[in-house]
Amino acid sequence: MGITSEQHSSASSIDSSSDPSAAAATSSSSFCAPIQSNNSARFDLSTDLRLGLSISSSYYNDLFTTPTTTTREQPLSWPPIRSILRSAHLEKALDHKHASLFIKIYMEGIPIGRKLNLFAQDGYDSLITTIAHMFPTTILCPGADRVHSDKYHVLTYEDKEGDWMMVGDVPWEMFLNNVKRLKITRADRC
Amino acid sequence: MDFSLPTEPMNHKRKNPDPSPDSDESTTQLSSPFPDEVLERVLSLLNSRKDRNSVSLVCKDWYDAERWSRTHVFIGNCYSVSPEILTRRFPNIRSVTLKGKPRFSDFDLVPPKWGAYVHSWLLVFATKYHFLEELRLKRMTVSDENLKLLALSFPNFKALSLLSCDGFSTDGLASITTHCKNLTELDIQENDIDDKSGKWLSCFPENFMSLEVLNFANLNSDVNFEALERLVSRCKSLKVLKVNENMTLEQLHRLLVLAPHLRELGTGSLLQELTPRQHSELKSAFNNCKNLNMLSGFYEVTSIFLPVLYPACTSLTFLNLSYAALRSDELSNLLVHCPLLQRLWVLDSVEDEGLEAVGSNCPLLEELRVFPASDPFEDEILHGVTEAGFLAVSYGCKKLHYVLYFCRQMTNAAVATIVQNCPDFTHFRLCIMNPRQPDYQTNEPMDEAFGAVVKTCTKLRRLAVSGLLTDLTFEYIGKYANNLETLSVAFAGSSDRGMECVLKGCPKLRKLEIRDCPFGNAALLSSFRKYESMRSLWMSGCKVTMDGCRLLAQEMPRLNVEVIRECGNDGFQADKLYVYRSVAGPRKDAPSFVLTL
C-alpha cells in the first residue's frame, strides 16, 4: 500500500527544502507522505466548512441566517445522545442518499472536530489529501524517522476494540470495517 | 462484631436478643419496649431507601434493626463505598443495584478502561451474600469471568439486569443461562458488548420454566428461533419479552400465539411484506394480547404494519418508538388507538404535527421523550421538532411531568407557556441541539425560559439546560430550585458566578454534571463543603486547573478528587474532573490516566 510522492505533489505544495520528511516520501514503506496543508497560516473554520462538507446551499443559508454568536460547529460527543440510538441501522433507514460512512476526525490540540465520509475516499491516498484540506498539519508516515517536534503529526484511528492504531497498516477495506474515528496526534507523542 | 451465617439467614439470632435495661440508650427515652425481632419485622416492611436511611438514624437499636432487616441495597456510585463495608453493615442482602461510571460516559466523555469493575464486588458477595437473588448494574465493567462467577456462586439467583455496561460477550450470557436454574429475569440493555453469537439462548435447559422477563433487544446475533419458541411455551409466567431486530413478523406471530399474556413486548424488524392472511392473523394475535401495556422495538417499521397493532393499543401505557422513524401521519393514526398512554418515546421525525397528535389523543400522558432521528449537524432533510410541538403537547397533556426534548429551536415565551400549562414538572430536560443558540425570535438568551421553569415547577427534581445562557439562569436555579437533585449543564454561563449560585442554593442537589462552561477554580472552590452532601460533581472542558483541584483535595479529605488526563494535556488544565464523596478512600484500581489528588 505504497503512496508515491508524485500523487501528492500536485495536490499540495511540498517545500522539499524545508520539509525534512520529503525524502521519506519516496520510500515504499507504508502509506503516507508528508503533506503541507495550504491553510497552515490561518485556520479558517467557516471556509473549510463550506469546502469540506457536502451541504446543500439552502441548508447553508439557513445556517447563516440564524443569529448565533458562534458558527455551527459540532462539538465532541454532542448532542448528548447514546450511540445506540444513533446506531447504523437507524442511519440506514434514514439514508435517502447514497451510502456514506461519516466518522469523526480530531486533531490534537483543537477541541472542535470535523466529520469525514470515508466511503467518498478511494483509499489511503485520497484520505490523506482530504485531511490535508481540513487541518493545518503535516502527516508523517509511520516508517519515517521520529521527528521530535510539534509540527508533525501522525494519523491514528480507534478500532472496534477501542484500541488506537496507526492508519495504513491494513488493507483499505479492512480499515473501513474497523475504524470508529480518526485522530491526528503529535508525532513526538506516539 | 462477630456473627455466623446459618442456612436460614432471616432467623438469625443476634448477639443480644433480649432487651435488657442495660441495653437501653441512657441518653434517650427511645428504648424498644418490644424485642428486637419485632422491630426488625416491622422494619422489613419498609421498602423506601429514604425511609430506611431515616430509620437508621433514630438510635442504635433502630440502626441495628434496620441493617439486619434490609434486603435490597442501592449504591449510586460504586466507588463511594467498598464491598467489605457494605457486607459488614448489611448482612442479609438479597438484591443489589450498583451504578458505576459517571453519566457522561454514555457520550464517550470517559475513556475506556476507566474502571467501575464489578469484579471486586462479586468476589465479596460470593462469600458474604450466598443468598443473593438480584443484581442490577448500570455503567459497570463486567467480564465473562465475572458472569461465570455470578452464575456459579449464587444458587438462588433470579434476576440479572445489565444496562449500559461493557466488557463482556455473549459467552458470559451463556454462563448465566446454563447455570442459573431459578432465573426469572434476564435484561440486557444497551450494552457495549462483544456479540459473538446467539447460542446463549439455547443454553437454557429443556426443563427450565421460571423466566418472567427476557430482554435481548439490543443484541444483534441471531438466536435459534425454535429454542426461543420452546422457551416461551414452557415459561408460563413470562411477562416481558423483547426480541432483537432479526425476528421476522412470522416469528413474532408464533411467539404472540404462545404468550398472549405478555405485559411488555419488544418487536423485531417490521419490514416484511404481509399477505392479507398474514396481516389478519397477526392482527388477531395482537387482539388476543389483553394485558399488553408496553410496546417497543419497531425497528424499520412500515406504515402497512402499524394497523396490525391497533387492537393491542387499547391498554397501552408505554410506547417506545425511539427506533422507528415514523412520520407525523403514521404517529397520529397510531395514537388514536392509545387513549391510556402515559409514557411515549419518539423520534423527531414525527415533527411538530406528530406532537400535535400527541396533545390531541393522549390526555393521560405523563412522560414524553423526543430523540433526534439523525445528526442535526449533517442531515438537511429532516426538520425535527420546534417549540410548537412542545407547546401542543403541553396544551393537551395536563399531567405531563417528565420531558426529554431534543429540538432545533426554542423561545423563552414558549417555555413560559409550557410550564404554565404543566406546572408539575419533576424532570425537565431540554436540549436545543445547536450549542449556545439564543431565543430564535428575540435573539435573547434563554435565561427567562429556565427561570420560568424553576419558579413555576416547585417539584422539579431534574433539570438539563441548553441554549445561550448567562449567569442569570444559574441565579434563578440557585434561588428557586429547592427540590432540584440533578442538574446537567453544557455550553452555558458567563462566569464563575453561575456555578457559585448553584452551589450556594439548591439545598437538595446531589448530582452536578457540567461540560464546556466558563467555570474555573473560583467556582469550584466557592462551596467545597457542598460536595459532601452530593453524590458527585463532573466538570469537563471548563476552566479549572490542576492547582484548583489539588486545593479542593487538600481541603476535603473525605472527597475523592480525580482528574482524567488526556493525551496532549499540558498538565496545567484539569480537563476532566470527577469529584465524589466516599467512605472507601481513594480508588485502588485507578488506571494511569486517572489522577487521584
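**Exercise 1. A proline in chain A**

Find where A:P79 lies, in the loop between α3 (57-65) and α4 (88-94) of chain A, and work out which form the peptide bond from A:W78 to A:P79 takes.

*Solution.* A word before you start: this is a predicted model.
- Step 1. Go to the loop that runs between α3 (57-65) and α4 (88-94) of chain A, where A:P79 is found.
- Step 2. Look at omega for the bond from A:W78 to A:P79; omega is near 0°, and the bond is cis.
- Step 3. Now step back to the whole of chain A. Along the sequence its elements follow the pattern α-α-α-α-β-β-α-β-β-β-α-β, with six helices and six strands.
- Step 4. Of the 190 residues in chain A, 43% are buried. Among its contacts between residues at least 6 apart in sequence, 62% join residues at least 24 apart.

**Exercise 2. How far to trust chain B**

Before reading details in chain B, check its mean pLDDT and find out how residues 1-28 score.

*Solution.*
- Step 1. Chain B has a mean pLDDT of 90, and 93% of its residues reach 70 or more.
- Step 2. Residues 1-28 of chain B have a pLDDT below 50, and this stretch has 29 contacts in the model beyond near neighbours in sequence.
- Step 3. For the complex, the predictor gives an ipTM of 0.79 and a pTM of 0.76.

**Exercise 3. Two helices side by side**

Decide how helix α13 (residues 351-361) and helix α14 (residues 387-396) of chain B are oriented to each other, and describe the residues of their contact.

*Solution.*
- Step 1. The two axes come within 7 Å and cross at roughly 5°.
- Step 2. Angles under 35 degrees count as roughly parallel. Therefore α13(B) and α14(B) are roughly parallel to each other.
- Step 3. On the α13(B) side, the contact is made by B:D352, B:L355, B:E356, B:V358 and B:G359. On the α14(B) side, B:A388, B:G389, B:F390, B:A392, B:V393 and B:G396 take part.
- Step 4. Sorted by character, the residues of this contact are six nonpolar, three polar and two charged.
- Step 5. Helix α13 of chain B also contains B:E351. Its phi is near 60°, a positive value in a residue other than glycine. B:E351 counts as partly exposed, at 28% relative accessibility.

**Exercise 4. A second positive phi**

Is B:A116, which also has a positive phi, buried or exposed?

*Solution.*
- Step 1. Find B:A116 in the loop between β2 (95-99) and α5 of chain B.
- Step 2. Phi of B:A116 is about 60°, although B:A116 is not a glycine.
- Step 3. With 0% relative accessibility, B:A116 counts as buried.

**Exercise 5. Salt bridges in chain B**

The structure holds 34 salt bridges over all chains. Take three of them, and for each give the N to O distance and the burial of both partners.

*Solution.* As a reminder, side chains of opposite charge can pair when their charged atoms come close.
- Step 1. B:E185 and B:R136 form a salt bridge with their closest N and O atoms 2.8 Å apart. The partners sit 49 residues apart, B:E185 in strand β6 (residues 185-189) and B:R136 in strand β3 (residues 134-138) of chain B. B:E185 is buried at 13% relative accessible area, while B:R136 is partly exposed at 24%.
- Step 2. B:R510 and B:E485 meet in a salt bridge at 3.2 Å, N to O. This pair too links distant parts of the chain, 25 residues apart: B:R510 is in the loop between α18 (496-504) and β19 (511-515), and B:E485 in the loop between α17 (471-480) and β18 (486-490). B:R510 is partly exposed at 28%, and B:E485 is buried at 16%.
- Step 3. B:R515 pairs with B:D516, the closest N and O atoms being 2.7 Å apart. B:R515 is buried, at 5%, and B:D516 is partly exposed, at 25%.
- Step 4. Elsewhere, salt bridges that share partners join B:R52, B:E66, B:R70 and B:R89 into one network.

**Exercise 6. The buried residues of a helix**

List the buried residues of helix α6 (residues 144-153) of chain B, then name the elements they pack against.

*Solution.*
- Step 1. The buried residues are B:D144, B:N146, B:L147, B:L150, B:A151 and B:S153.
- Step 2. Their packing partners in chain B are α5 (119-128), β3, β4 (159-163), β5 (166-169) and α7 (170-179).

Notes
Residues numbered from 1 in each chain as written. Chains lettered and ligands numbered in written order. Predicted model: local features only at pLDDT ≥ 70, side-chain atom pairs only at ≥ 80, totals over all residues. Heavy atoms only, no water. Axes fitted to C-alpha atoms, helices over the stretch in contact; angles between N-to-C directions. Helix = DSSP H or I, 4+ residues; strand = E, 2+ residues; numbered from the N terminus. Parallel < 35°, antiparallel > 145°, perpendicular 65-115°, else oblique. Contact = heavy atoms within 4.5 Å. Nonpolar A, V, L, I, M, F, W, Y, C, P; charged D, E, K, R; others polar. Salt bridge = Lys/Arg side-chain N within 4 Å of Asp/Glu carboxyl O. Buried < 20%, exposed > 50% of the residue type's maximum accessible area, 1.4 Å probe, protein only. pLDDT = per-residue confidence, 0-100.
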